[in-house]
Amino acid sequence: MKKLESTLLNMVVVLVAVAVITSGLLAWVNHVTEEPIRMQDELALANGIKEVMGTDQLTVTSDEEVKKEFDGKELVFVVHKTADKQGKFLGAAVESTTMGFGGELKVLVGFDAEGKVLGYTILQASETPGLGAKADKWFQADGKGSIIGKTAAQPLTVNKDGGDIDAITASTITSRAFLKAVNQAYSVYAAKDDSDAHSGATQKAK
């Protein structure tokens with residue numbers, strides 16, 4: 001068998017062939033893993049909603065994407081409305097994203113029918129290692145900066161900004177970002193609630 005000559009043309013052909021094969025393999029792997037990843041994300045979200053609403057005895061009645069402007073920038077939120085097994089409105093879990101110290105900070109916040117915080121979970125954090133984990137615990141019911149049971153009708157703020165929430169030790173920026181995400185989530189939830197109430201009243205009046 002004649003040995004393939006090491007010419008520029010041959011090297012280009014080999015490199016192109018390797019690139020095509022590699023691209024094909026990556027596309028195949030992406031196709032194979034896409035559905036399992038999507039299902040895993042959906043399961044994680046479903047469990048997250050139950051966690052922040054404080055019960056697994058619920059049904060998600062709607063998942064609505066809402067766009068609202070904050071600080072001159074349009075942001076996208078997702079409102080997951082929930083009801084108990086008898087169909088009674090329980091409140092909603094709201095996905096909210098802000099910029100933290102190291103990047104995006106995405107949280108899922110649960111509100112009851114009166115707008116009080118039932119719970120929360122961190123969906124995504126790009127903070128300094130350790131700070132994201134601290135935020136996941138710090139503001140919980142047994143944490144030093146607990147927001148559980150509070151309402152953000154008046155924005156929740158840290159002590160340094162005149163509020164009553166203890167900031168994470170040595171991480172005021174992350175604390176501010178977290179509370180901003182919660183405040184924005186409440187604003188979207190409250191506005192959606194008012195909109196639905198007016199809509200219902202209008203429909204009843206017709």
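This briefing goes through the fold, the strand pairings, the aromatic contacts and the surface of one protein chain. The model is predicted, and along its sequence the elements follow the pattern α-β-β-β-β-β-α-α, which comes to three helices and five strands. Of the 206 residues in the chain, 34% count as buried, and among contacts with a separation of 6 or more, 46% are between residues 24 or more positions apart.

**Strands β1 and β2**

- Strand β1 (59-70) and strand β2 (73-83) run antiparallel and are joined by eleven bridges, with Glu64 standing opposite Val79 of β2.
- The two strands make a hairpin in which two residues lie between them, and Asp71, which sits in that turn, has a positive phi of about 55°.
- Asp71 takes this positive phi although it is not a glycine, and with a relative accessibility of 67% the residue counts as exposed, because the cut-off for that class is over 50%.
- Strand β2 is mostly covered, since eight of its eleven residues are buried.

**Strands β2 and β3**

- Strand β2 also pairs with β3, in the antiparallel sense and over six bridges, and here the bridge partner of Val79 is Val94 in β3.
- Val79 therefore has a partner on either hand, standing opposite Glu64 in the pairing of β1 with β2 and having Val94 as its bridge partner in β3.
- The connection between β2 and β3 is again a hairpin, with five residues between the strands and with Gly87 in the turn at a positive phi of about 90°.

**Strands β3, β4 and β5**

- Strand β3 (residues 89-99) runs antiparallel to β4, and nine bridges join the two, with Ser96 standing opposite Val107 of β4.
- On to strand β5 (residues 117-125), β4 is joined by seven bridges, once more in an antiparallel arrangement, and in this pairing Val107 stands opposite Ile122 of β5.
- Strands β4 and β5 form a hairpin that has four residues between them, and Gly115 in its turn has a positive phi of about 95°.
- Strand β4 (residues 104-112) is mostly covered, with seven of its nine residues buried.
- As general background to these pairings, the side chains in a regular strand alternate between the two faces of the sheet.

**Aromatic pairs**

- Across the whole structure, a search finds five aromatic pairs.
- One of the pairs is formed by Phe70 and Phe77 in an edge-to-face arrangement, at 5.7 Å centre to centre and with 70° between the planes, and both Phe70 and Phe77 are buried.
- Phe139 and Phe178 form a stacked pair, at 4.3 Å centre to centre and with 10° between the planes.
- This stacked pair links distant parts of the chain, as Phe139 lies in the loop between α2 (131-138) and α3 (172-205) while Phe178 belongs to helix α3, 39 residues apart.
- Phe139 is buried, and Phe178 is buried as well.
- Phe111, Tyr186 and Tyr189 are grouped in one aromatic cluster.

**Surface and loop features**

- The chain exposes about 12700 Å², and carbon and sulfur atoms supply 57% of that area.
- Leu8, Met11, Val12, Val16 and Val20 make a nonpolar surface patch of about 480 Å².
- Val12, one of the residues in this patch, is placed in helix α1 (residues 8-53), and with a relative accessibility of 41% Val12 counts as partly exposed, because that value falls between the 20% and 50% cut-offs.
- Ala170 is a residue other than glycine with a positive phi, near 65°, and its place is in the loop between α2 and α3.
- With a relative accessible area of 82%, Ala170 is exposed, because the value is over 50%.

Note on methods. Residues numbered from 1 in each chain as written. Predicted model: local features only at pLDDT ≥ 70, side-chain atom pairs only at ≥ 80, totals over all residues. Heavy atoms only, no water. Buried < 20%, exposed > 50% of the residue type's maximum accessible area, 1.4 Å probe, protein only. Pairing = 2+ DSSP bridges. Patch = residues over 30% accessible without salt bridge, like charges linked within 9 Å, V, L, I, M, F, W, Y side chains within 5 Å. Areas by Shrake-Rupley, 256 points an atom, 1.4 Å probe, with all protein chains shown as cover. Salt bridge = Lys/Arg side-chain N within 4 Å of Asp/Glu carboxyl O. Phe/Tyr/Trp six-rings, centres within 6.5 Å; stacked < 30°, edge-to-face > 60°. Contact = heavy atoms within 4.5 Å.
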